[in-house]
Amino acid sequence: MHSPPTVPSNGNEAAERLASMADVTASDGALRRFLHGLPGVDPVGLEARAAALGTRSIKTTAKAYAIDLAISMIDLTTLEGADTPGKVRALCAKALNPDPTDRGTPRTAAICVYPDMVATAAGALAGSDVKVASVATAFPAGRAALPVKLADTRDAVAAGADEIDMVIDRGAFLAGRYLSVFEEIKAVKDACRREDGSAARLKVIFETGELSTYDNIRRASWLGMLAGADFIKTSTGKVAVNATPANTLLMLEAVRDFRATTGVQVGVKPAGGIRTTKDAMKFLVLVNETVGEEWLTNEWFRFGASSLLNDLLMQRQKLSTGRYSGPDYVTVD
């Protein structure tokens, strides 16, 4: 078992500890040695622990709290070629008021859209605490030249994006060109900066279903965090294998160990395939048991989902009224 993370007493200490790792990324060889020197993942042990934690039961008052927490952690998402301004505005209205019959329902954390829809979302959400997240860097494949990816990012930030969800170049990563991936993430991080000196938060998507092994997921997690990711994210939601309890547990262990080493806290976002309240509860247990309460906030944990919200709302109504509402009682996204 790993010991709990030790948090530096101040930001300067965290910065110094992170800077002390600069030699790790000084060359392709140094980065390769570091990443391949990380402890190997025991797949059987990882999957067994994820499965065991998934059997934990959350009931009554704790379940009501967990449902509200999960709602507040959702990045309500539409990433389709047929997206229209009207659809995006409707989704923003749902984020602001998920259940019109109960004004006490929490708002979602963010709306996630393509860059050309950022201005529409920003206008609809103006004055609220719901963030505008935008995918970028030639999402979902990431197959574009770096200048194109940086322009994609800058356009989204200029249009009002609070957060950028970028995809890594999986081809470069799988070919072992780790420094190339590192430098690309850093460049996108720089492109997230606004003229006033503030910056959009950067979520780095690994597409874990394409990384083949748990060892690669651990290496990608550390690579993304070393490059400055504010969040690490499992998936685009566009491939067959997306977020799973096991790959999310592995990424949670990575952010825990990264903070213990550097003092820098990084968020985690599982995305794709999380559709039911039962699914969401399993992931919240993973967070609580692996990294603790400090990550149990939408500042540090998100669900990339859309249909999940409807099920959470129906379960919330069941706890409130004692009976299940049909799917017609929630809006269809």
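Here are some worked exercises on the predicted model above.

Quick ground rules: this is a predicted model, so local features need pLDDT of at least 70 and side-chain atom pairs count only at pLDDT 80 or more, while totals for chains, interfaces and linings use all residues. Residues are numbered from 1 along each chain as its sequence is written, and side-chain values use heavy atoms, with hydrogens and water left out.

**Exercise 1. Which residues of helix α2 are buried, and what do they pack against?**

Step 1: get the terms straight. Helices (H or I, at least four residues) and strands (E, at least two) are DSSP runs, numbered from the N terminus. Buried means under 20% relative accessible area, exposed means over 50%, and partly exposed is in between, using a 1.4 Å probe and protein chains only.

Step 2: go through α2, residues 28–36. A30, L31 and L35 come out buried. They span an arc of only 125° around the axis (taken from the directions from the helix axis to the C-beta atoms), so they sit on the same side of α2.

Step 3: look for the partners. The buried residues of α2 pack against α9 (178–191) and α10 (214–226).

**Exercise 2. Place strand β3 between its partners, and give the handedness of the crossovers on either side.**

Step 1: check burial. β3 covers residues 131–136, and five of its six residues are buried, so the rest of the structure largely encloses this strand.

Step 2: pair β3 with β2. Two strands pair if DSSP finds at least two bridges between them. Strand β2 (residues 110–113) is joined to β3 by four bridges, and the two run parallel. One example: I111 has V132 in β3 as its bridge partner. To get from β2 to β3, the chain passes through helix α6 (residues 118–125), and this β-α-β crossover is right-handed. Right-handed here means that, with the strands pointing away from the viewer, the path from the first strand over the helix to the second runs clockwise.

Step 3: pair β3 with β4. Four bridges again, this time to strand β4 (residues 163–167), and this pair is parallel too. A133 has E163 in β4 as its bridge partner. The chain goes from β3 through helix α7 (residues 146–159) to β4, in another right-handed β-α-β crossover.

**Exercise 3. How many disulfides are there, and where do C112 and C192 stand?**

Step 1: apply the cut-off, which is a pair of cysteine sulfur atoms within 2.5 Å. The search of the whole structure returns zero disulfides.

Step 2: take C112. The nearest cysteine sulfur belongs to C92 and is 11 Å away. C112 is buried, at a relative accessible area of 0%.

Step 3: take C192. The closest cysteine sulfur to its own is in C112, at 13 Å, which is too far for a bond. C192 is also buried, with a relative accessible area of 0%.

**Exercise 4. Trace the salt bridges of E163, D165 and E210.**

Step 1: set the criterion: a side-chain nitrogen of Lys or Arg within 4 Å of a carboxyl oxygen of Asp or Glu. The whole structure has 23 salt bridges.

Step 2: start with E163. Its partner is R302, with the closest N and O atoms 2.7 Å apart. E163 is in strand β4 and R302 in the loop between α12 (277–290) and β8 (303–305), so this pair ties together parts 139 residues apart in sequence. E163 is buried at 2% relative accessibility, and R302 is buried at 3%.

Step 3: move on to D165. Its side chain meets that of K203 in a salt bridge at 2.9 Å, N to O. D165 is in strand β4 and K203 in strand β5 (residues 201–205), which are distant parts of the chain, with the two residues 38 apart. Both D165 and K203 are buried.

Step 4: finish with E210. This residue pairs with R170 at 3.0 Å between the closest N and O atoms. E210 is in the loop between β5 and α10, while R170 is in helix α8 (residues 170–174), 40 residues apart. E210 is partly exposed at 32%, whereas R170 is buried at 7%.

Step 5: zoom out. A network of salt bridges links D75, E163, D165, K203, K233, K269 and R302.

Methods
Contact = heavy atoms within 4.5 Å.
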